[in-house]
Number of protein chains: 2
Amino acid sequence: MTIQDVAVLSGLSICTVSRALRKLPNVSEKAQSRVAEAASKLGYKASAAASRLAGGNTGSVAIVAPTATSWFFSQAVEAAEEVLGDSGYDTVLISLRNKATVRKQFFADLENLAQRVDGLLLLNIDLDPGELEALEACGLAMASVGMRNVPWDNVGIDDEHAAWQATQHLLGLGHWNLAVLSSNEHSVVTETPRFRGFRRALDEHHLTVHPDLVVASGPGIDDGRRAMTELITRGTKPTAVFAHCDEAAFGALTALREYGLSVPKNVSVIGIDDHPMSWFLGLSTVAQPVADQGAFAANLLCERLLNNESPHQPSNHLLDTKLIERKTTRHKR
Amino acid sequence: MTIQDVAVLSGLSICTVSRALRKLPNVSEKAQSRVAEAASKLGYKASAAASRLAGGNTGSVAIVAPTATSWFFSQAVEAAEEVLGDSGYDTVLISLRNKATVRKQFFADLENLAQRVDGLLLLNIDLDPGELEALEACGLAMASVGMRNVPWDNVGIDDEHAAWQATQHLLGLGHWNLAVLSSNEHSVVTETPRFRGFRRALDEHHLTVHPDLVVASGPGIDDGRRAMTELITRGTKPTAVFAHCDEAAFGALTALREYGLSVPKNVSVIGIDDHPMSWFLGLSTVAQPVADQGAFAANLLCERLLNNESPHQPSNHLLDTKLIERKTTRHKR
DNA sequence: CTGAAAGCGCTTACAG
DNA sequence: CTGAAAGCGCTTACAG
């Protein structure tokens, strides 16, 4: 079935039908409703291929994630896929698989991708200048989750505040000897937002960050375990530790257990995320709304796709995070 | 850039170029290599839209999953996406979000989907007869993971054997008072393969399944916890429990802890899957290769897509599972 | 083995 | 507000 069938049934030209279907201006209400009726009677849906070829849209958008296997990305992706689907878009999934080669290839292929999709939803991709440039050059509509200083709509959380909430919780419990498992990207020159939040909370209590109590940790359980082990073998004795994410906190829990330290009796532990396993493990944490971030960003992208004529200021939306006290944090004795 | 550019550069007609690019027969080697050279020099890639419209392929395949958020599906999806990408296909993700309405809509829209993709990779979808029919009618190439008795290539594991391995492990440890957290789909009339494996292992030891020791459990942590709690409050005293999947086992672990029962001292616990958290929690389990299943099925689908002329017998590939002893199973005292 | 021509189903100026 | 015509970039018979 083609647009021709709809044209015949509605008694109008395919050209008018085409316009009516896409709700373009300059179509009489009468024509509009006749077309809508005919189309729905026929169950007609325009061929994506034909419409694309003729200069229209592809009807699909790509979601690009550093990896598709982490709980964070799989939830964000599913939520985004839902809103995209509701707006009639197919979701093409592109995982960079945490590999530099895959990533490089993605950016090299961007121009080709641009002819297959209408927009890009980027999830937590740390862009270097060349990549940013390639993205801007490809002409696709964009939106992102968890990115900073990008020239398109973004949604995320206030990482500094989340870290502040976690740290403040520990401080409020009477702890003052705090360790931090800080993300790998952290360094003396470029503090991560979460580290900044940690430090700010200490500042407010007139405490200073002790260098011996900050240790780098990747985002995985193993990473957290290794970091915590290093902390313990250093001989420093924090009474509480703030891990930059829940999985790192899980690892810290393991290391603590391995060294016979009891949580929360000897040491309190808190993370950020509210990973699905955190409830199960009783981990105190600061929850971030993952599905909401994906859905919100997808909505922004859809809006952008619908009226791409109107240039607008890129917006940055920060969703609320929330402290969740469970069993790994306790008042200092 | 279009096929015309390649034609000019190679000094051949677009028609020959088209054939050469798709490696169709009846193209001289000389033409073939000239075209290949010109195309690579230009970085040419055919427009998916045009090629689709002209009766060719869409260059994309859809992966359909009951949900995209579980570790199993996100791993299978990522692995499949990798092999599809390597074969030049875009992956469109469709999550049924565990919802009947979404599922219904998917099947209703199948005909439209069929014009947007070349093939379907189905992950663990339990088909009713009508759905199977719709799938066969849509004319797409197909392959699946974890499905039974389907008229297309499938890859999975031998569930009965995996359950047998887990149960046999418990039995080998001297346990004979075994409980089972069996999947919800299990009933007296339709035993699940995993339950069958459990029963067969008992049979081989001349043991019988005690009805009081089998309890239904969904696949989630909560489900497992509820099921284990029921078992405990029933007053039955198994010395070992086999959970049909790791997450249910996690829940069982929680319930056991809540009732002051120590694992593995009082009770041994084993699951199936080797969930990413199982290592962390020390759960004994029977590992199944998840990424491999996704990748394998994707490969079968690609093969099918390449030579769709040759009709072939649907194959069913069962990948190996492997017992992993960790800390939740121990010899009966 | 190769090429000229028609056509896939839309959209986009351009007239009216 | 509406329609006739051209064209998007390929593939597919059909000749040669």
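This report describes a predicted model of two protein chains, A and B, with DNA strands C and D.

In this predicted model, local features need pLDDT of at least 70 and side-chain atom pairs count only at pLDDT 80 or more, while totals for chains, interfaces and linings use all residues. Residues are numbered from 1 along each chain as its sequence is written, chains are lettered from A and ligands numbered from 1 in the order in which they are written, and side-chain values use heavy atoms, with hydrogens and water left out.

## The annotated span of chain A

UniProt, in an unreviewed entry, places the feature "domain: HTH lacI-type" at residues 1–55 of chain A. UniProt positions are given here in the numbering of this report, feature names are shortened, and annotations may be inferred rather than shown by experiment. The span is 65% helix and 0% strand, and its end C-alpha atoms lie 20 Å apart. Helices (H or I, at least four residues) and strands (E, at least two) are DSSP runs, numbered from the N terminus.

## The surface near DNA strand C

A residue is counted as near a strand if one of its heavy atoms lies within 4 Å of it. Around DNA strand C there are 24 such residues, and I3(A), S18(A), Y44(A), T16(B) and S28(B) come nearest. By class, this surface has 12 nonpolar, 10 polar and two charged residues. In this scheme Ala, Val, Leu, Ile, Met, Phe, Trp, Tyr, Cys and Pro count as nonpolar, Asp, Glu, Lys and Arg as charged, and the others, Gly among them, as polar.

Of the atoms of DNA strand C within 4 Å of the protein, 75% belong to sugar or phosphate and the rest to bases. The table lists polar contacts with both strands; a polar contact is a pair of N or O atoms within 3.5 Å, and within protein one must be able to donate a hydrogen and the other to accept it, with residues adjacent in sequence counting only if both atoms are side-chain atoms.

| Protein atom | DNA atom | Distance |
|---|---|---|
| R22(A), side-chain N or O | strand C, phosphate oxygen | 2.9 Å |
| S13(B), side-chain N or O | strand C, phosphate oxygen | 3.0 Å |
| A54(B), polar backbone atom | strand C, base oxygen | 3.3 Å |
| R19(A), polar side-chain atom | strand D, base oxygen | 3.1 Å |
| L53(A), backbone N or O | strand D, base oxygen | 3.2 Å |
| A50(B), polar backbone atom | strand D, base nitrogen | 3.3 Å |

Among the elements near DNA strand C, α2(B) gives the most to the surface, with three residues.

## The surface near DNA strand D

DNA strand D is surrounded by 24 residues, of which T16(A), S28(A), I3(B), S18(B) and Y44(B) are the closest. Sugar or phosphate accounts for 75% of the atoms of this strand within 4 Å of the protein, and bases account for the rest. At least two residues each come from α2 of chain A and from α2 and α4 of chain B. The element that gives the most is α2(A), with three residues. The surface near DNA strand D divides into 12 nonpolar, 10 polar and two charged residues.

## The interface between the protein chains

The size of an interface is often given as the accessible area lost when the parts come together. Buried area here is the accessible area (1.4 Å probe) that two parts lose on being put together, summed over both. Between chain B and chain A it is about 3700 Å², of which carbon and sulfur atoms give 58%. In chain B, E78(B), R97(B) and F280(B) lose the most area to chain A, together 18% of what that side buries. The contact (heavy atoms within 4.5 Å) takes 41 residues from chain B and 41 residues from chain A.

A salt bridge is a side-chain nitrogen of Lys or Arg within 4 Å of a carboxyl oxygen of Asp or Glu. Six salt bridges are found across this interface. One salt bridge joins D90(B) to R116(A), with the closest N and O atoms 2.5 Å apart. The interface also has 14 residue pairs in polar contact, both at pLDDT 80 or more. On the side of chain B that touches chain A, the residues divide into 16 nonpolar, 12 polar and 13 charged.

## Features within the chains

Over all chains, the structure holds 32 salt bridges. E204(A) and R200(A) meet in a salt bridge of 3.4 Å, N to O. These two residues are separated by about one helical turn because they are four residues apart in helix α10 (residues 193–204) of chain A.

The peptide bond from V263(A) to P264(A) is cis, with omega near 5°. P264(A) is placed in the loop between α12 (246–258) and β9 (268–273) of chain A. In chain B, the bond from V263(B) to P264(B) is cis, with omega near 5°. K23(A), although not a glycine, has a positive phi of about 55°, and K23(A) lies in the loop between α2 and α3 (29–42) of chain A.
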